[in-house]
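These are my notebook entries on one structure. I looked up its enclosed space first and its strand pairing second.

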Amino acid sequence: MKIYDRPGFPNPMRIRIVLAQKGLDSEIEFVPVDLIAAEHKQPAFLAKNPSGVLPVLELDDGTLISESIAITEYLDNLDGKPELTGRTPKEKALIHMMQRRAEAYVLDPVGIYFHHATPGLGAALQAFKSPQWPGRTEMGEREGEKAKEGLRYFNEILGKQAFLTGETYSMADITLLAGLAFAEVAGIVPSGLDALTQWQARMADLPAVKNRSGQNFLPDDLKRLGF
């Protein structure tokens, strides 16, 4: 199998954790896609995923699977022993519900804020983020506020239980972890979110999170981003 992604970025992070949880890293060929150069918006990549986003999983028979949730479902159920996507109908429903909220309340709005209200990843990608639209910055800032409210919502949830759907972590927690990391990079995490901070520490201590591949940005990417 191949995975098209880029080390250090939020959505690739989600799948790298899944791979570590399932012990599948050795079965994957990682194909880097240059996000800073907007390679994922070019015809060759769009032929693999018309949405123009990472990651993409390519199976040995040529089947292409995009969207982190779909990739997670596939990888988690390959061995018939799902650990992250639920086993019973109730578990599956709760995990999918909270996973969608983690995307809609945090990860997605942080992305909109980052790409529309800040310089984002630079000029090459900005060309695909409606640069001529006068309202783009205002919209981005509004989404940044939405992300802050989302983080406050999850802080309240995590003040009552260890993980988003109970006492065991799932793909919903992985999505929120990626969203929180993105929000930290974007500089829009509110103060005083003690439960969320404690949950983040619990997540960071999980073997699949701690030992995942692709944790760090590529050195050249850091240089191009000005770090």
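I sorted the residues lining the largest cavity by character and found five nonpolar, four polar and one charged. Here Ala, Val, Leu, Ile, Met, Phe, Trp, Tyr, Cys and Pro count as nonpolar, Asp, Glu, Lys and Arg as charged, and the others, Gly among them, as polar.

I note that this is a predicted model, in which local features need pLDDT of at least 70, side-chain atom pairs count only at pLDDT 80 or more, and totals for chains, interfaces and linings use all residues. Residues are numbered from 1 along each chain as its sequence is written, and side-chain values use heavy atoms, with hydrogens and water left out.

I looked up the cavity itself (a set of points on a 1 Å grid over the protein atoms alone where a 1.4 Å probe fits but cannot get out; lining residues have an atom within 4 Å of a point). The structure holds one cavity of 30 Å³ or more. The largest cavity contains about 50 Å³ of space, the volume being that filled by probe spheres set on points joined across faces, edges and corners. Its lining includes Arg14, Ser68 and Met171. Helices H1 (10-22), H3 (68-77) and H7 (171-186) each supply at least two lining residues; helices (H or I, at least four residues) and strands (E, at least two) are DSSP runs, numbered from the N terminus.

I then turned to the strands, which pair if DSSP finds at least two bridges between them. S1 (residues 2-5) runs parallel to S2 (residues 29-32), with four bridges, and Ile3 has Phe30 as its bridge partner in S2. S1 also pairs with S3 (residues 56-58), antiparallel, over three bridges; there Ile3 stands opposite Leu57.

Notes. On a 1 Å grid over the protein atoms alone, a cavity is a set of points where a 1.4 Å probe fits but cannot get out, and a pocket is an open set with protein on both sides within 12 Å along at least five of seven lines; lining residues have an atom within 4 Å of a point.
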